[in-house]
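Here's a quick briefing to read alongside the model. Take a look at the structure first, then work through the points by topic.

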Amino acid sequence: MRWWRKIGVMSVAIALLLLVSGSASAQSRATATSAETCLAANSTISLGARLPRTEARLKSGAPLKVVAFGSSSTVGLWVLSSAATYPAVMRQELNRLVPNARIEMINSGRIGDTIPDNIARVERDVLSHGPDLVVWQLGTNDIAWGGHVEGLDELVIQGIRMLRSGGSDVILMDQQYAPLVLSSSQYSKMQAIIANVARKEHVGLFSRFNLMRNSVLAGLSIGALVSWDGLHNSIEGYDCIGRGLARAIWSATR
């Protein structure tokens, strides 16, 4: 069942939980502080792979075309401005780190997409743009609403090989560390699939799950990074993810 059919009742419960934990006051006090705390807790985050095409484009000053591919987390659900989505934040931060970079960011997120949905539109929504780098955010909608992971490892491999067919670098972005994900009995299996496939296919892995968990372990309220629905990121969460991803790309291309 699609997330929007269940989100009402479950989100009310999660929202109450977040309010009890003090998330509302944390968000109202300091947006920047939450993002900075998140980044400080993840100063050593790594993609685990080089990005040769991206590196060559950044070092030469040639234009770098990036496609952010995924579901509602890529769209930036619940933020009021496209500038606050993680792809836009990533582009801005990478431009700060590499001042001469000429980066074109294309947001090809679509609300509700699963891994099979993503693969069905790779040609139209990704390859048609001729990207140098693809960030594929995946996995959450496949398991958050009672789904199972059987057979998804082969689909992820298929998707990566399609994305790389034009010579693009690929980064996988895994699930978010959020109450609705953690309530699934399948989330750890999905995490393992994404990590194992990234390793097998020698592509980058940006673990927002670990990024968010590290932040919580460092003392940040989960409500500072997760929105009222208990699933999607808050504006602070998207900010940390975008900036953290840009820094990981920069480290992988130096």
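**Helix α13 and what follows**

Helix α13 covers residues 208-217, and its buried residues are R208, F209, L211, M212 and S215. Looking down the axis of α13, you'll find those buried residues within an arc of 170°, so they line one face of the helix. Right after α13 comes G219, with a positive phi near 110°. Keep in mind that this is a predicted model.

**The sheet**

- Five strands make up an open sheet, and the order to trace is β2-β1-β3-β4-β5, with parallel pairing.
- The edges belong to β2 (102-109) and β5 (204-206); each has a single partner strand, so one side of each goes without a neighbour in the sheet.
- On average, neighbouring strands here are turned by 20° against each other, ignoring direction.
- Inside the sheet, β1 (residues 63-70) pairs with β3 (residues 133-137) in the parallel sense, over four bridges.
- If you want a spot to line those two strands up, V66 sits opposite L133 in β3.

**Helices on the sheet**

- Helix α6 (residues 86-97) packs on the sheet and touches β1, β2, β3 and β4 (169-173).
- The direction of α6 makes about 170° with that of β2.
- Helix α10 (residues 152-163) lies across β3 and β4, and runs at about 160° to β3.

**Salt bridges**

- Side chains of opposite charge can pair when their charged atoms come close.
- Counting nitrogens of Lys or Arg side chains within 4 Å of a carboxyl oxygen of Asp or Glu, you get 13 salt bridges in this model.
- One of them joins R50 and E55, with the closest N and O atoms 3.1 Å apart.
- R50 counts as partly exposed, at 43% relative accessibility, while E55 counts as buried, at 17%.
- Another salt bridge brings the side chains of D132 and R53 together, at 2.9 Å from N to O.
- That pair ties distant parts of the chain to each other: D132 is in the loop between α8 (122-125) and β3, R53 is in helix α4 (residues 52-60), and they are 79 residues apart.
- D132 counts as buried, with just 4% relative accessibility, whereas R53 is partly exposed, with a relative accessible area of 29%.
- D113 and R110 form a salt bridge too, their closest N and O atoms being 2.8 Å apart.
- In that pair, D113 is buried at a relative accessible area of 5%, and R110 is partly exposed at 35%.
- There's a wider web here: salt bridges with shared partners join R110, D113, R121, R124 and D125 into one network.

**S168 and its surroundings**

- What does S168 touch, leaving aside residues up to four places away in sequence? The list is R53, P131, D132, V134 and L163.
- So both partners of the D132 and R53 salt bridge show up among the contacts of S168, by the 4.5 Å heavy-atom cut-off.
- S168 itself is in the loop between α10 and β4, and S168 is buried, with a relative accessible area of 5%.
- A polar atom of the S168 side chain lies 2.7 Å from the backbone oxygen of P131.

**Positive phi outside glycine**

- W78 isn't a glycine, yet its phi is positive, at about 85°.
- You'll find W78 in the loop between α5 (72-75) and α6, where W78 is partly exposed, with a relative accessible area of 38%.
- H202 is another non-glycine residue with a positive phi, this time about 60°.
- H202 is in the loop between α12 (187-201) and β5.
- Is H202 buried or exposed? At 63% relative accessibility, H202 counts as exposed.

Notes. Residues numbered from 1 in each chain as written. Predicted model: local features only at pLDDT ≥ 70, side-chain atom pairs only at ≥ 80, totals over all residues. Heavy atoms only, no water. Pairing = 2+ DSSP bridges. Axes fitted to C-alpha atoms, helices over the stretch in contact; angles between N-to-C directions. Buried < 20%, exposed > 50% of the residue type's maximum accessible area, 1.4 Å probe, protein only. Arc of directions from axis to C-beta. Polar contact = N/O pair within 3.5 Å; in protein donor to acceptor, adjacent residues only side chain to side chain.
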